[in-house]
Amino acid sequence: METESEQLPLVLTLRHFPFLPSFQEKFSNKFTTLERTDLSVPIEEYLLKHGQSVRALVCGAKFSLTKDILDCLPSLGCVVLTCVGLDNIDLDECKKRGIFIGNAGTVYSEDVADFAVGLLIDVLHRISAGHRFVSSGLWPITKEFPLGPKLSGKRVGILGLGSSGSEVAKRLEGFSCVISYTSRTKKPSVPFSYYSNIVDLASNNDILILTCDLNNETFHIINKDVMSALGKKGIIINVGRGALVDEMEMVRCLEQGEIGGAGLDVFENEPDVPEELFKLDNVVVAPHISVVTVESYLALHDLVISNLEAFFSNKPLLSLVKYN
């Protein structure tokens, strides 16, 4: 006779989930969790042994869902992501297999936007640099702290005017900033200027804020030409993905004064960050935390559970990713 837990839908978690202890009971009351705890066992070996009947998978941005992994999961019908980006997923292979994908949708958008604006204010007003100036004892000695520019009225170009990018724009309108954007397509209902070319966007703005997805088209989209177009006073704020930016070229431009500063929450080879950035007072770095708030995690947990319940009930996922 089957126990109650054995009758619950089986969910493979390749990222520890739930993140919040308060959701553990709720999650375990609805699903049986299969979790790989012994990391010494190769992932393929583990999945071939335990994953043949798995129909639903929960994973995050750091797990690469490749064809080889999918081959080990022949019954897989649904992937629920705890992130928004899809650069870690073999979308073509998932599409061939008819696998439904649900991502984090818009649960992070407001937090990402708040953080992006916070980074920007920090870079411009030199808040972190000012903290170091005071805490190192320089204030009584040097007296004067270097001035920084204000945010109000600045021209801001947003790369990727999706949910997060739109929230950034909404906040910056409150600072009387002049907003423009580039995206895969022009958005007819948006009141901001549209540039089809990222170099033109950079040429016509003081600040670039990156909120778009990482894919083959956007890898290193912020390159030497873009940084040159942005100019010596230009600021880059990246809350998207690290590889949107040619990181080594950005470091060089910052060191040589070819751009004015940067606020970075994401990096190409996390958690490794170029040490050259630590020495620059016009750079603010953070450990990929723009989405990490209690509220966003509460919303994420509800969304993940709802997506799984929808799949096992043969209903549409709440944050279904549409294949191209």
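In this predicted model, strand β4, spanning residues 78-81, is joined to β5 by 3 bridges, and the two strands run parallel. One residue pair makes the link easy to find: Val-80 has Gly-102 in β5 as its bridge partner. Toward β3, β4 is held by 4 bridges, again with the strands running parallel. Here Val-80 appears once more, as the bridge partner of Val-58. The side chains of β4 can be followed in turn: Cys-78 and Val-80 point one way, Val-79 and Leu-81 point the other way, and all are buried.

These strands belong to an open sheet of 5 strands, ordered β2-β1-β3-β4-β5 and paired in parallel. Each of the edge strands, β2 (32-35) and β5 (100-102), has a single partner strand, so one side of each lacks a neighbour in the sheet. On average, neighbouring strands of this sheet are turned by 25° against each other, direction ignored. Helix α13, residues 294-312, lies across β1 (10-13), β3 (56-59), β4 and β5, and runs at about 165° to β3. A good place to look at this packing is Leu-308, which touches Val-11, Phe-27, Phe-31, Ala-56, Val-58 and Val-80, leaving aside residues up to four places away in sequence.

A further open sheet is built from 7 strands in the order β8-β7-β6-β9-β10-β11-β12, with parallel pairing. Its edge strands are β8 (193-194) and β12 (283-285), each of which pairs on one side only. Within this sheet, β6 (residues 155-159) and β9 (residues 207-210) run parallel and are joined by 4 bridges. Ile-158 stands opposite Ile-209 in β9. Helix α6 packs on the sheet, where it touches β9, β10 (235-238), β11 (261-264) and β12, and its direction makes about 150° with that of β10. Helix α9 (residues 163-173) lies across β6, β7 (178-182) and β9, running at about 170° to β6.

Helix α6 itself deserves a closer look. It covers residues 109-125, and its 17 residues reach 24 Å from the first C-alpha to the last, close to the 24 Å expected at 1.5 Å a residue. Many positions along α6 can be checked for burial; among the buried ones are Ala-113, Ala-116, Val-117, Leu-120 and Leu-124, together with the polar residues Ser-109, Asp-111 and Asp-122. Just after the helix, Arg-126 takes a positive phi of about 60°.

The nonpolar interior can be described next. In soluble globular proteins, nonpolar side chains tend to be buried together. The largest nonpolar core here has 45 residues, and those with the most contacts inside it are Leu-120, Leu-172, Ile-207, Ile-209, Ile-237 and Leu-308. Helix α6 supplies the largest share of this core, 8 residues. A second, separate core contains 28 residues, including Ala-202, Ile-221, Met-250 and Val-283.

Where does Asn-205 sit in the chain? Its place is in the loop between α10 (198-203) and β9. Is Asn-205 buried or exposed? With a relative accessibility of 3%, Asn-205 counts as buried, because the cut-off for burial is under 20%. Leaving aside residues up to four places away in sequence, Asn-205 touches Arg-155, Val-156, Gly-157, Val-178, Ser-180 and Leu-230. Asn-205 and Leu-230 lie 25 residues apart along the chain, while their C-alpha atoms are separated by 6.9 Å.

Finally, the UniProt record, an unreviewed entry, offers two domain annotations for orientation. The feature "domain: D-isomer specific 2-hydroxyacid dehydrogenase catalytic" is placed by UniProt at residues 25-321. Over residues 25-321 the chain is 36% helix and 14% strand, with end C-alpha atoms 28 Å apart. UniProt places "domain: D-isomer specific 2-hydroxyacid dehydrogenase NAD-binding" at residues 117-290. For residues 117-290 the corresponding values are 32% helix and 16% strand, and the end C-alpha atoms are 11 Å apart.

Note on methods
Residues are numbered from 1 along each chain as its sequence is written. This is a predicted model: local features need pLDDT of at least 70, side-chain atom pairs count only at pLDDT 80 or more; totals for chains, interfaces and linings use all residues. Side-chain values use heavy atoms; hydrogens and water are left out. UniProt positions are given in the numbering used here, feature names are shortened, and annotations may be inferred rather than shown by experiment. The expected span of a helix is 1.5 Å times one less than its number of residues. Buried means under 20% relative accessible area, exposed over 50%, partly exposed in between (1.4 Å probe, protein chains only). Two strands pair if DSSP finds at least two bridges between them. Axes are lines fitted to C-alpha atoms, for helices over the stretch in contact, and angles run from 0 to 180 degrees between N-to-C directions. Contact means heavy atoms within 4.5 Å. A nonpolar core is a set of buried Ala, Val, Leu, Ile, Met, Phe, Trp, Tyr and Cys residues joined through side-chain atoms within 4.5 Å.
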